[in-house]
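Trainee: Could we go through this model together, a bit at a time? I have some questions about its surface and its cysteines.
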Amino acid sequence: TAKSNTVAQAAGKKYFGSATDNPEFTDAAYLAILSDNTYFGQITPGNSMKWDATEPEQGTFTFSGGDAVVSLAQGNSQLVRGHNCVWYNQLPSWVTSGSWTNATLTAAVQNHCSTLVSHYKGDIYSWDIINEPFNDDGTWRSDVFYNTMGTYFVDVALIAARAADPNAKLYINDYNIEGTGAKATAMMNLVSNLKSRGIPIDGIGLQGHFIVGEVPTTIQTVMEQFVALGVEVAITELDIRMTLPETDALLEQQKTDYQNVITACNAVAGCVGVTIWDYTDKYSWVPSTFSGQGAACPWDANLIKKPAYDGIIAGF
Ligand code: XIL
């Protein structure tokens, strides 16, 4: 049977990849498939490069989890997407409950991004420097960064990251920007604004956490619109969940949905690759986050390929 990264690269993409997480590395059967670079040419750490994992106390950095992901990927000749520098979630309490001024938080963001991206200099294809900055209505998310620094936190993080690793592609990553609408428009306006001011931005990540039967029909259009602004795009966290229990009909619709996402990326030259948010239902974040939902990945919990896998192959 055809292999997902092989077909992606044959179609001109840089990679087909998967998220993973360090606790999963003790599962030999899981690791064998993850490490097969004919399936996955790229890996994203699902948690171990986040702020709470990498700078749990101010100025004290711990890179062991992220290093393990990078060394696994390098051993398998796989690319790495760094995830992430600045996000409202999974922050250590010193960030969320610090008493910040614009100046002190600027210094903290600068130091975090600079130290994190420097540590992995040369190891990372692309970095999600900013994750999930917008609300669904396109307004800025109210978090410690925006509330203290306004939109300036985006500039600070991107500039620090560029200086730290000039060869890494710097991304802003979000969900619900995969179809036309207020949130996608807000992201396009941000890209235009950054570009007009010379702030470094190379890519936009469309997370792609979808529901079976609800993949936006305008996904290709949106990707073309981003690319027209002079950035690349990637599907960075694809999974397509369903209300459990799974049925044959739902699995068939899921196959069609996966195929449609891949087809859209395939049709846009500036869409560089697709990453699934772990490849197996065994380790998906979905059931613990969306009550009653699951079965979102292309491999089932026994590491057996589902119809969705054939949809991916058909899409490339
Ligand atoms: C998720 C991880 O997969 C989970 O293990 C963790 O408990 C919560 O975060 N959008 C993102 C990712 O950008 O970082 C999130 O990852 C999923 C949603």
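Trainee: How accessible is Asp310?
Mentor: Asp310 counts as partly exposed because its relative accessibility is 42%, where buried means under 20% relative accessible area, exposed over 50% and partly exposed in between, with a 1.4 Å probe and protein chains only. This is a predicted model, in which local features need pLDDT of at least 70 and side-chain atom pairs count only at pLDDT 80 or more, while totals for chains, interfaces and linings use all residues. Residues are numbered from 1 along each chain as its sequence is written, and side-chain values use heavy atoms, with hydrogens and water left out.

Trainee: Which helix is Asp310 in?
Mentor: Asp310 belongs to helix α13, which covers residues 307-315.

Trainee: Switching to cysteines, how many disulfides are there?
Mentor: The count is 1 disulfide, a disulfide being a pair of cysteine sulfur atoms within 2.5 Å. Cys265 and Cys271 form it, with their sulfur atoms 2.1 Å apart.

Trainee: What is its handedness, and are those cysteines buried or exposed?
Mentor: The disulfide of Cys265 and Cys271 is left-handed, because the torsion about its S-S bond is about -100°. Cys265 counts as buried at 0% relative accessibility, and Cys271 is buried too, with a relative accessible area of 1%.

Trainee: Why is Cys113 not bonded to Cys85?
Mentor: The sulfur of Cys113 has its closest cysteine sulfur in Cys85, and that distance of 3.9 Å is too far for a bond. Cys113 is buried, with a relative accessible area of 0%.

Trainee: And what about Cys297?
Mentor: For Cys297 the closest cysteine sulfur is in Cys265, 18 Å from its own sulfur, which is too far for a bond.

How values were computed: Helix = DSSP H or I, 4+ residues; strand = E, 2+ residues; numbered from the N terminus.
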